[in-house]
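These are notes for a colleague who is opening this structure for the first time. Please read them with the sequence and the model side by side.

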Amino acid sequence: MTKHLAILGSTGSIGVSTLEVAAQHPDRLCVVALAAGDNVELLARQVRAFRPEVVSTRTAEGAAKLRALLGAEAPVIGHGDEGARAVAQCPRARIVVSAIVGGAGLLPTWQAIEAGKDIALANKETLVMAGALVLREVQRRGVRLLPVDSEHAAVMQSLEGHRREEVRRIVLTASGGPLRTWDRERIARVTKDEALNHPTWNMGPKITIDSATLMNKGLEVIEAHWLFDVPPERIDVIIHPESIVHSMVEYHDGQVVAQLGMPDMKAPIAYALTYPERLPDVVPRLDLPRVGRLNFHEVDRVKFPCLDLAYRALAMSELAPAVLNAANEIAVQAFLGGRIGFYDISQIIDDVLMMTAGGPAKDLSAVLDADARARDGARELVARIGGERRG
Ligand code: MG
């Protein structure tokens with residue numbers, strides 16, 4: 001049976017991989033709607049290849065450019081929040097791949113859930129910012145929320161067929177990022193390009209910096225807490241540089257179930273799209289003798305303070321993870337722009353968390369409010385650091 005899908009964030013790393021999976025299995029997957037940001041040239045090529053009914057760009061200028069590029073071949077083209085909503089709620093789509101980077105992914109993902117779509121969730125912020133609200137809505141609408149993150153896909157598979165009440169802990173693995181073996185002094189001076197040079201995973205710039213700081217793992221701990229209903233004190237992180245064991249679940253009899261595979265995002269993407277079925281030959285086969293050796297280490301929490309900040313936010317209040325995430329987005333942008341140093345990222349997040357009241361996440365607007373205030377706070381801190389650096 002063919003499944004119709006919409007993709008939010010089609011020109012990003014996950015979007016492109018999703019389309020590769022769809023192109024390999026045209027009998028199983030049919031793309032009906034695409035939303036992208038500003039990469040209109042790539043979006044035009046995707047429209048020609050997949051013939052979706054509805055597409056959307058971030059801006060009106062982008063939409064006009066796309067119309068000009070496609071001419072008579074153009075489908076329905078929208079832009080901005082309304083355009084993204086049309087893609088998220090496209091009537092023919094059964095599953096929506098949520099792959100917009102950052103907090104901007106929350107609203108269209110929410111709208112897709114409201115429209116009764118199953119969600120293949122790559123956007124971490126949806127659960128980090130609004131976990132309790134989103135899960136309530138998922139239950140109310142009776143939709144499926146399937147993780148498109150190698151760690152959570154691994155945990156989901158390691159839980160299948162086992163009893164939840166017998167879970168002792170979830171162990172998320174982390175590659176450790178490109179700075180794993182550096183000392184603190186050298187990390188303090190790391191350049192943007194060095195931090196972007198990830199050893200095992202090929203991802204976009206924001207998430208690659210998050211991997212270097214380990215905030216990516218912090219966000220994944222928060223996500224795992226919501227997805228699998230396990231308290232933070234029973235979610236652990238260990239470093240595994242080869243990225244072959246994608247995560248594991250330890251049961252109370254002491255046995256551990258892990259999921260292994262080559263590090264390729266197409267695996268969790270395809271699994272989410274066709275769950276509980278598996279498509280054939282999605283990724284290269286795992287050749288363990290060739291891999292040879294799998295290593296595991298403790299996380300150095302002094303060198304990588306972002307991980308503990310995520311645990312702290314989860315313990316603070318329902319709104320605190322949204323604050324953490326917003327401050328991190330602004331700080332990472334500033335780091336990528338060369339305006340702050342590596343350890344300023346964690347310092348800014350720490351300061352913004354301290355300044356913020358937090359509180360319960362009553363509704364989506366409370367979350368978006370906390371997000372906006374945290375962004376303002378983080379921007380002020382970035383400006384102050386910039387001033388100090390110039391002065
Ligand atoms: Mg991951």
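1. A place to begin is one pair of residues: Met248 has Ala258, in β11, as its bridge partner. Nearby in the same pairing, Ser247 stands opposite Gln259 of β11. The strands that hold these pairs, β10 (residues 245–251) and β11, run antiparallel and are joined by five bridges. Strands here are DSSP runs of E of at least two residues, helices are runs of H or I of at least four, and both are numbered from the N terminus. Two strands are called paired if DSSP finds at least two bridges between them.

2. On the source: this is a predicted model, in which local features need pLDDT of at least 70 and side-chain atom pairs count only at pLDDT 80 or more, while totals for chains, interfaces and linings use all residues. Residues are numbered from 1 along each chain as its sequence is written, and side-chain values use heavy atoms, with hydrogens and water left out.

3. β10 and β11 form a hairpin with four residues between them. In the turn, Gly254 has a positive phi of about 95°.

4. The hairpin belongs to an open sheet of four strands, in the order β9-β8-β10-β11, with mixed pairing. β9 (235–239) and β11 are the edge strands, and each pairs on one side only. On average, neighbouring strands of this sheet are turned by 20° against each other, direction ignored. Axes for such angles are lines fitted to C-alpha atoms, for helices over the stretch in contact, and angles between N-to-C directions run from 0 to 180 degrees.

5. Helix α7 lies across β8 (167–174), β10 and β11, and runs at about 40° to β10. Contact in these notes means heavy atoms within 4.5 Å.

6. What lies in the second largest pocket? About 350 Å³ of space. Of its 19 lining residues, Gln259, Ala267, Arg278, Val282 and Val283 are the closest to the centre. Two or more lining residues come from each of α7 (150–159), β11 (256–260) and α12 (266–274), and α12 gives the most, with four. By class the lining has 11 nonpolar, five polar and three charged residues. Ala, Val, Leu, Ile, Met, Phe, Trp, Tyr, Cys and Pro count as nonpolar, Asp, Glu, Lys and Arg as charged, and the others, Gly among them, as polar.

7. The search for spaces uses a 1 Å grid over the protein atoms alone: a cavity is a set of points where a 1.4 Å probe fits but cannot get out, a pocket is an open set with protein on both sides within 12 Å along at least five of seven lines, and lining residues have an atom within 4 Å of a point. Grid points are joined across faces, edges and corners, and a volume is the space filled by probe spheres set on the points.

8. Over the whole structure, one cavity of 30 Å³ or more is found. The largest cavity has a volume of about 40 Å³. Its lining includes Thr213, Lys303, Phe304 and Tyr343. Helix α16 (residues 342–355) gives the most to this lining, with four residues. The classes are six nonpolar, two polar and one charged.

9. A second open sheet has seven strands in the order β4-β3-β2-β1-β5-β6-β7, with parallel pairing. β4 (76–79) and β7 (145–147) stand at its edges with a single partner strand each, so one side of each is left without a neighbour in the sheet. The twist averages 25° from one strand to the next. β6 (residues 118–121) pairs with β7 over three bridges in the parallel sense, and Leu121 has Pro147 of β7 as its bridge partner.

10. Helix α2 (residues 40–50) lies across β2 (29–35) and β3 (54–57), at about 175° to β3. Its buried residues (under 20% relative accessible area, 1.4 Å probe, protein chains only) are Val40, Leu42, Leu43, Ala44, Gln46 and Val47. They pack against α1 (13–24), β2, β3 and α3 (60–70). Arg51, just after α2, takes a positive phi of about 50°.

11. Helix α5 (residues 106–114) lies across β1 (3–8), β5 (95–98) and β6, at about 150° to β6. Ala99 is in the loop between β5 and α5. Why does Ala99 count as buried? Its relative accessibility is 11%. Leaving out residues up to four places away in sequence, Ala99 touches Leu8, Gly9, Ile14, Gly15, Ala122 and Asn123.

Terms used: Buried means under 20% relative accessible area, exposed over 50%, partly exposed in between (1.4 Å probe, protein chains only).
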